[in-house]
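Please open the model in your viewer and display it as a cartoon. This tour proposes one selection after another and describes what is found at each stop.

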Amino acid sequence: MPHTDDATLTTVLDLERELQSPQTRADAARLRDLIAPDFEEVGASGRVWDRDSILAMLESESADPDSPTIEIDDLRARTIAPGVVRVSWTSAQRERRARRTSIWCERDGGWRQVHHQGTLLT
């Protein structure tokens with residue numbers, strides 16, 4: 001297994017937490033920094049999102065004052081290749097829970113999320 005130091009894993013976990021925060025989700029410029037141009041998400045609904053569609057959805061979501069915050073449980077990171085980290089966690093938004101996995105790649109001097117998958121639990 002490739003080795004990544006604990007500081008790198010901590011950085012990526014911090015970025016995952018940041019990406020789920022209401023402040024970052026409302027900041028289009030920061031989202032463009034964190035989400036890779038070739039990003040793809042398979043949402044808990046089964047819908048596939050690209051970077052542009054996820055940015056539009058997050059803009060709409062952040063404009064809704066009733067949008068629920070995302071609770072993060074069991075957040076973990078694992079190196080899967082040099083410069084590639086998989087993050088897994090469970091989300092909760094009101095009564096809806098999902099198991100989530102993100103892939104982060106080191107690019108252009110920073111970490112960018114390139115893939116995200118959500119699987120509905122409840």
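The tour begins with the whole chain, continues to its nonpolar cores, and then visits individual residues.

**The whole chain**

Please bear in mind throughout that this is a predicted model. Begin with the complete chain and colour it by secondary structure. Four helices and six strands should be visible. Following the chain from its N terminus, one meets these elements in the order α-α-α-β-β-α-β-β-β-β. The radius of gyration is 14 Å, close to the 14 Å that the globule rule gives for 122 residues, so the chain is as compact as a globular protein of that length. Along the principal axes, the C-alpha atoms fill a box of roughly 40 × 30 × 25 Å.

Next, switch to a surface display. The chain exposes about 6900 Å², and carbon and sulfur atoms supply 47% of this area. Of the 122 residues, 39% count as buried. Now colour the charged side chains: 16 are positive and 22 are negative, and the centres of the two sets lie 4 Å apart. Contacts along the chain also deserve attention. Among those between residues at least 6 apart in sequence, 43% join residues at least 24 apart.

**The nonpolar cores**

In soluble globular proteins, nonpolar side chains tend to be buried together. Which residues have the most contacts inside the largest nonpolar core? Select I35, V87 and W104: these are the ones, in a core of 20 residues. To see where the core comes from, highlight α1 (6-20), α3 (28-34), β1 (35-42), α4 (51-63) and β4 (84-93), each of which supplies at least two of its residues. The largest share, five residues, comes from α1.

Centre the view on V87 and show its surroundings. Leaving out residues up to four places away in sequence, V87 touches V12, L13, E16, L75, R76, A77, R100, T101, S102 and W104. Then select A36, V84, I103 and C105, which are included in a second, separate core of five residues.

**R99, in strand β5**

Move to strand β5, residues 96-107, and select R99 within it. Is R99 buried or partly exposed? Its relative accessibility is 46%, and R99 therefore counts as partly exposed. Measuring from R99 to W89, ten residues away along the chain, gives a C-alpha separation of 6.0 Å. W89 is also one of the residues that R99 touches; the others, not counting residues up to four places away in sequence, are T90, Q117, G118, T119 and L121.

**D33, in helix α3**

Select D33, which is placed in helix α3. With a relative accessibility of 40%, D33 is partly exposed. Apart from neighbours within four places in sequence, D33 is in contact with W111 and R112. For a longer view, draw a line from D33 to S91: the two are 58 residues apart in sequence, and their C-alpha atoms are 23 Å apart.

**Two residues with positive phi**

Which backbone angle should be inspected at D74? The angle is phi, which is positive at about 55° although D74 is not a glycine. D74 belongs to strand β3, residues 71-81, and is partly exposed, with a relative accessible area of 48%.

Now select R94, in the loop between β4 and β5. R94 likewise is not a glycine, and its phi is positive at about 55°. R94 has a relative accessible area of 57% and is exposed.

**P68, beside R94**

Keep R94 on display and add P68 and Q93: P68 touches both Q93 and R94, when residues up to four places away in sequence are not counted. P68 is in the loop between α4 and β3. Its relative accessibility of 24% makes P68 partly exposed; residues count as buried under 20%. The C-alpha atoms of P68 and I54, 14 residues apart along the chain, are separated by 17 Å.

**D5, before the opening helix**

Finally, select D5, in the segment before α1. D5 has a relative accessible area of 39% and is partly exposed. Where does T79 lie in relation to D5? The two residues are 74 apart in sequence, while their C-alpha atoms are 9.2 Å apart in space.

Definitions and conventions: Residues are numbered from 1 along each chain as its sequence is written. This is a predicted model: local features need pLDDT of at least 70, side-chain atom pairs count only at pLDDT 80 or more; totals for chains, interfaces and linings use all residues. Side-chain values use heavy atoms; hydrogens and water are left out. The radius of gyration is taken over C-alpha atoms; the globule rule is 2.2 Å times the number of residues to the power 0.38. Buried means under 20% relative accessible area, exposed over 50%, partly exposed in between (1.4 Å probe, protein chains only). Contact means heavy atoms within 4.5 Å. Accessible areas come from the Shrake-Rupley method with a 1.4 Å probe; for residues, only the protein chains shown count as cover. Lys and Arg count as positive and Asp and Glu as negative; His and the chain ends are not counted. The place of a charge is taken as NZ of Lys, CZ of Arg, CG of Asp or CD of Glu. A nonpolar core is a set of buried Ala, Val, Leu, Ile, Met, Phe, Trp, Tyr and Cys residues joined through side-chain atoms within 4.5 Å.
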